[in-house]
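Ready for some practice in reading a protein model? Work through the exercises below one at a time, and try each task yourself before you look at its solution.

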Amino acid sequence: MVVFEKPKALTDAPLHYCPGCTHGIVHRLVAQAIDELGILGDTVGVAPVGCAVMAYNYFSCDMVEAAHGRAPAVATGLKRAMPNNIIFTYQGDGDLASIGMAETVHAATRNENITVIFINNAIYGMTGGQMAPTSLPGQVTQTSPYGRDVNTVGYPIKVCELLSSLDGPEYIERVAVNNVKNVMSAKKAIKKAFENQINGKGFSLVEVISSCPTNWGMTPSKALEWIDTNMIPYYPLGVYKDRSANKEGK
């Protein structure tokens with residue numbers, strides 16, 4: 001009896017992520033959802049510019065590389081050209097919430113039938129730890145050495161809250177992967193986001209609060225604790241929009 005094995009939707013390529021980075025956990029959850037739903041042969045992923053720029057090496061489904069921030073636009077084109085395929089994007093906070101914010105908002109308000117996996121680690125990871133749109137007030141980064149000053153650079157962007165204010169999106173949820181309970185909740189949310197697309201319900205986004213021990217300057221264990229003490233209080237977990245549940249009176 002097999003108790004635990006690598007998902008078929010993941011390749012055998014070693015991950016390039018830093019020790020303690022939770023991208024690997026989210027990759028596995030996405031792959032498990034693809035396996036469990038039996039959609040591997042029909043799925044196309046869109047890789048971003050950012051830490052996950054080489055996601056095409058790790059997922060065994062077809063993958064397309066998008067220009068920085070343009071993954072939702074590329075995914076829209078793929079889905080409209082191939083409506084029977086399952087299309088997902090995998091994006092970081094710099095890619096999605098900065099240069100790609102317009103593409104994200106407009107894909108959501110059109111309720112494009114795609115699945116977006118959004119990694120929020122509150123920093124630019126690939127380029128060395130600069131302040132991101134999601135960096136917390138007072139957070140020290142390479143470009144905010146005295147902490148993020150909201151009086152000069154503004155407040156962090158809360159993507160789930162922003163998108164849930166639109167009429168278009170089907171499903172918006174924020175999860176985390178810093179402990180077993182949260183990982184299981186994240187798995188359920190990611191699978192639901194794919195199921196929504198299979199059922200033609202429209203735009204689904206799952207925001208995953210993730211860690212970046214290297215650029216946060218912490219050990220992996222401390223980084224997971226920092227998510228609980230700093231990230232989640234500012235970015236509360238939960239379902240922000242679920243049109244189907246509302247229609248069913250849940």
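**Exercise 1. The ends of a helix**

Which residue with a positive phi follows α7? Also find the residue that caps the N-terminal end of α7.

*Solution.* Keep in mind that this is a predicted model.

Step 1. Go past the end of α7: the helix is followed by glycine 200, whose phi is positive, near 70°.

Step 2. Now turn to the N-terminal end of α7, which is capped by asparagine 179. A side-chain oxygen of asparagine 179 lies 3.2 Å from the backbone nitrogen of lysine 181.

**Exercise 2. The two sides of α7**

Find the span of α7, then work out where its buried residues fall.

*Solution.*

Step 1. Helix α7 covers residues 180-198, 19 residues in total. From its first C-alpha to its last, α7 reaches 27 Å, close to the 27 Å expected at 1.5 Å a residue.

Step 2. List the buried residues of α7: Asn182, Val183, Ala186, Ala189, Ile190, Ala193, Phe194, Asn196 and Gln197.

Step 3. Look down the axis of α7. The buried residues fall within an arc of 155°, so they line one face of the helix.

Step 4. Check the other side of α7, where Val180, Lys181 and Lys188 are exposed.

**Exercise 3. The neighbours of α2**

Which elements do the buried residues of α2 pack against?

*Solution.*

Step 1. In helix α2 (residues 71-81), the buried residues are Ala71, Pro72, Ala75, Thr76, Leu78 and Lys79.

Step 2. Follow their contacts: these buried residues pack against the strands β1 (43-47), β2 (62-65) and β3 (86-92), and against the helices α4 (101-109) and α7.

**Exercise 4. Charged partners**

How many salt bridges does a search of the whole structure find? Take the one between glutamate 170 and arginine 243 and describe its partners.

*Solution.*

Step 1. The search finds eleven salt bridges.

Step 2. In the bridge between glutamate 170 and arginine 243, the closest N and O atoms are 3.5 Å apart.

Step 3. Locate both partners. Glutamate 170 sits in the loop between α6 (159-164) and β5 (171-176), while arginine 243 belongs to helix α10 (residues 243-247). The pair links distant parts of the chain, 73 residues apart.

Step 4. Compare accessibility, with buried meaning under 20% relative accessible area. Glutamate 170, at 3%, is buried, whereas arginine 243, at 25%, is partly exposed.

Step 5. Try a second bridge, where the side chains of arginine 110 and glutamate 112 meet at 2.6 Å, N to O. Here arginine 110 is partly exposed at 42% relative accessibility, and glutamate 112 is buried at 7%.

**Exercise 5. Aromatic rings**

How many aromatic pairs does a search of the whole structure find? Describe the pair of phenylalanine 59 and tyrosine 90.

*Solution.*

Step 1. The search finds six aromatic pairs.

Step 2. The ring centres of phenylalanine 59 and tyrosine 90 are 6.4 Å apart and their planes stand at 55°, so the pair is tilted.

Step 3. Place the two rings: phenylalanine 59 is in the loop between β1 and β2, and tyrosine 90 is in strand β3, 31 residues apart.

Step 4. Phenylalanine 59 is buried, with a relative accessible area of 2%, and tyrosine 90 is buried with 0%.

Step 5. Widen the view: Phe59, Phe88, Tyr90 and Phe194 form one aromatic cluster. You have already met Phe194 among the buried residues of α7.

Notes:
Residues numbered from 1 in each chain as written. Predicted model: local features only at pLDDT ≥ 70, side-chain atom pairs only at ≥ 80, totals over all residues. Heavy atoms only, no water. Helix = DSSP H or I, 4+ residues; strand = E, 2+ residues; numbered from the N terminus. Expected span 1.5 Å × (residues − 1). Buried < 20%, exposed > 50% of the residue type's maximum accessible area, 1.4 Å probe, protein only. Arc of directions from axis to C-beta. Polar contact = N/O pair within 3.5 Å; in protein donor to acceptor, adjacent residues only side chain to side chain. Contact = heavy atoms within 4.5 Å. Salt bridge = Lys/Arg side-chain N within 4 Å of Asp/Glu carboxyl O. Phe/Tyr/Trp six-rings, centres within 6.5 Å; stacked < 30°, edge-to-face > 60°.
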